[in-house]
Amino acid sequence: MNDHAALTLSALVADRLAHPDTSPTAATADSVRQHLALGPIGIALLHIERAATELGPWQRAHDWLAAATRLPFTSGADSHPFYGAPALAHVLACAAERHPGAYQRDLALLDRQLTGDVRRRLDAAHRRIEAGQLPALAEFDAIRGLAGFGGYLLRRDPTGSVLRAILDYCVRLTEPIAHDGDTLPGWWAPTGPSGRTDARFPGGHGNNGMAHGISSVLALLALSARRGATVSGHRQAMCTILAWLDRWKTSTVCGPVWPYWVTRDDLRTGRLAPAARQRPSWCYGTAGLARAQQLAALALGDTERSTEAEAVLLTALTDPAQLRATVDAGLCHGLAGLAHLAVRTAADASPEAADALRAVLPSLLSTLFPPGAAPEEAVTALVGGSAGLGLLDGAAGTALGVLTAAGTEPPRTAWDACLLIA
């Protein structure tokens with residue numbers, strides 16, 4: 001798939017999702033209405049980015065937002081960065097960045113709700129730490145937790161006290177904790193990766209991922225430091241997480257990889273149990289972790305680590321075995337996500353690494369769809385596929401990733417700030 005075909009595909013997806021009344025009903029179902037990952041507000045992000053790049057009308061974004069907000073959005077304990085009022089706030093903030101004056105009253109209300117919710121979450125997290133208990137993944141992760149809230153506040157109020165409180169919490173999260181006779185990292189979860197008790201994870205696990213693990217906290221700390229928002233212990237907290245990732249990095253014939261997670265047995269023996277081949281995705285795997293480490297290296301002035309992270313990502317994007325393990329098209333764990341990460345990483349890389357990363361984009365995009373398939377056929381398969389229409393796994397997110405990769409320049413809006421990669 002060349003750049004023209006990629007742009008055509010993005011445009012065709014946007015046309016198929018032009019208006020909620022003419023799109024598949026799954027896009028506006030009540031069950032997904034408040035979901036950033038699945039529902040209409042995620043589709044609105046596609047139209048917001050296309051309007052910001054002058055490739056589509058703003059009216060499409062407004063129509064999708066109107067369809068989503070016909071009923072109130074959930075706030076409080078049942079909401080999180082990818083659901084309810086905080087998710088809506090992210091989307092409205094993206095629109096307001098490029099459409100001055102729009103949604104200001106709504107954003108002010110959402111920001112007040114979000115601020116109160118974050119303070120309550122922080123209070124609960126500190127009480128949990130003081131009681132010597134282990135955290136739930138949803139306490140700190142990018143999708144449901146404080147790292148995700150921090151990514152939003154870094155854009156909306158980068159000098160504010162609430163962001164500083166989240167950063168203070170992130171620093172405290174990296175302090176070790178004694179539990180059942182072991183000294184564990186402070187982010188060790190007592191459950192399995194699903195967030196529920198799991199017999200396959202006796203003693204819990206240390207999650208390394210960007211979506212649900214400690215790399216989301218590393219990325220937030222790095223992004224904040226690069227923008228001048230730091231707290232006491234900030235640098236050491238990043239170094240603590242990096243040392244953990246260094247400890248569990250494994251050299252393979254496919255290049256360096258990091259495990260999705262570390263079990264209690266792994267921790268006690270110091271050795272990882274054999275694992276199936278991993279896909280190099282954003283949510284878990286090499287690509288997301290490489291970007292988080294590049295951001296941290298840039299914040300710390302660590303040229304060697306930054307160079308290594310860029311090389312690791314390039315290897316992941318060119319290694320046939322890793323690419324064969326990537327069978328989805330979407331942002332979360334698919335090819336569009338890899339292409340998007342390549343562009344974001346290239347924007348901060350050395351000139352040589354940037355050129356190399358951009359050079360792999362055409363071949364990466366060509367693997368998204370069957371050889372010889374016309375964009376119209378690909379779009380029909382994408383829109384009608386089991387992955388759905390939304391942002392993380394579905395058609396809208398794929399179209400956004402393809403749009404970025406076709407232009408080889410970072411997005412005009414901060415739609416991907418919810419991924420903590422920029």
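Here is a conversation between a trainee and a mentor about cavities, a pocket, single residues and aromatic pairs in this predicted model.

Trainee: What should I keep in mind about this model?
Mentor: The model is predicted, and local features need pLDDT of at least 70, side-chain atom pairs count only at pLDDT 80 or more, while totals for chains, interfaces and linings use all residues. Residues are numbered from 1 along each chain as its sequence is written, and side-chain values use heavy atoms, with hydrogens and water left out.

Trainee: Happy with that! How much space lies in the largest cavity?
Mentor: On a 1 Å grid over the protein atoms alone, a cavity is a set of points where a 1.4 Å probe fits but cannot get out. Grid points are joined across faces, edges and corners, and a volume is the space filled by probe spheres set on the points. Searching the whole structure gives three cavities of 30 Å³ or more. The space in the largest cavity is about 100 Å³.

Trainee: Which helix gives the largest share of the lining of the largest cavity?
Mentor: Lining residues have an atom within 4 Å of a point, and here they include Pro81, His90, Phe149, Tyr152 and Arg155. Helices (H or I, at least four residues) and strands (E, at least two) are DSSP runs, numbered from the N terminus. Helix H4 (85–98) and helix H7 (146–156) each supply at least two residues of this lining. The largest share, five residues, belongs to H7.

Trainee: How many residues of that lining are charged?
Mentor: Ala, Val, Leu, Ile, Met, Phe, Trp, Tyr, Cys and Pro count as nonpolar, Asp, Glu, Lys and Arg as charged, and the others, Gly among them, as polar. The lining of the largest cavity has seven nonpolar and three polar residues, and the number charged is one.

Trainee: Let's turn to the second largest pocket: which helix supplies the largest share of its lining?
Mentor: A pocket is an open set with protein on both sides within 12 Å along at least five of seven lines, and the second largest one has a volume of about 240 Å³. Its lining has 13 residues, with Thr69, Leu88, Leu92, Asp106 and Leu110 nearest the centre. By class, ten are nonpolar, two polar and one charged. Helix H3 (58–68), H4 and H5 each supply at least two residues, and the largest share, four residues, comes from H5.

Trainee: Is Ala125 buried or exposed?
Mentor: Ala125 sits in helix H5 (residues 104–130). Contact means heavy atoms within 4.5 Å, and beyond its neighbours within four places in sequence Ala125 is in contact with Glu139, Leu146 and Tyr169. Buried means under 20% relative accessible area, exposed over 50%, partly exposed in between (1.4 Å probe, protein chains only). Because its relative accessibility is 1%, Ala125 is buried.

Trainee: Which residue offers the backbone oxygen that the side chain of His80 reaches?
Mentor: His80 lies in the loop between H3 and H4, and at a relative accessible area of 18% His80 is buried. Leaving aside neighbours within four places in sequence, its contacts include Pro86, Arg121 and Phe149. At 3.2 Å, the backbone oxygen reached by the His80 side chain is that of Ile143.

Trainee: Now the rings: what kind of pair do Tyr260 and Trp261 form?
Mentor: Rings of Phe, Tyr and Trp (its six-membered ring) pair if their centres lie within 6.5 Å; planes under 30 degrees apart count as stacked, over 60 as edge-to-face and the rest as tilted. The count by this rule is six aromatic pairs. The centres of the Tyr260 and Trp261 rings are 5.8 Å apart with planes at 70°, so the pair is edge-to-face.

Trainee: How far apart in sequence are the parts tied together by Tyr260 and Tyr284?
Mentor: This pair is tilted, at 5.3 Å centre to centre and 40° between the planes. Tyr260 lies in the loop between strand S5 (255–257) and strand S6 (261–263), and Tyr284 in the loop between helix H11 (264–269) and helix H12 (286–300), so the pair ties together parts separated in sequence by 24 residues.

Trainee: What is the phi of Leu420?
Mentor: Leu420 lies in the segment after helix H19 (395–407) and is buried, with a relative accessible area of 1%. Although Leu420 is not a glycine, its phi is positive, at about 60°.

Notes
A polar contact is a pair of N or O atoms within 3.5 Å; within protein, one must be able to donate a hydrogen and the other to accept it, and residues adjacent in sequence count only if both atoms are side-chain atoms.
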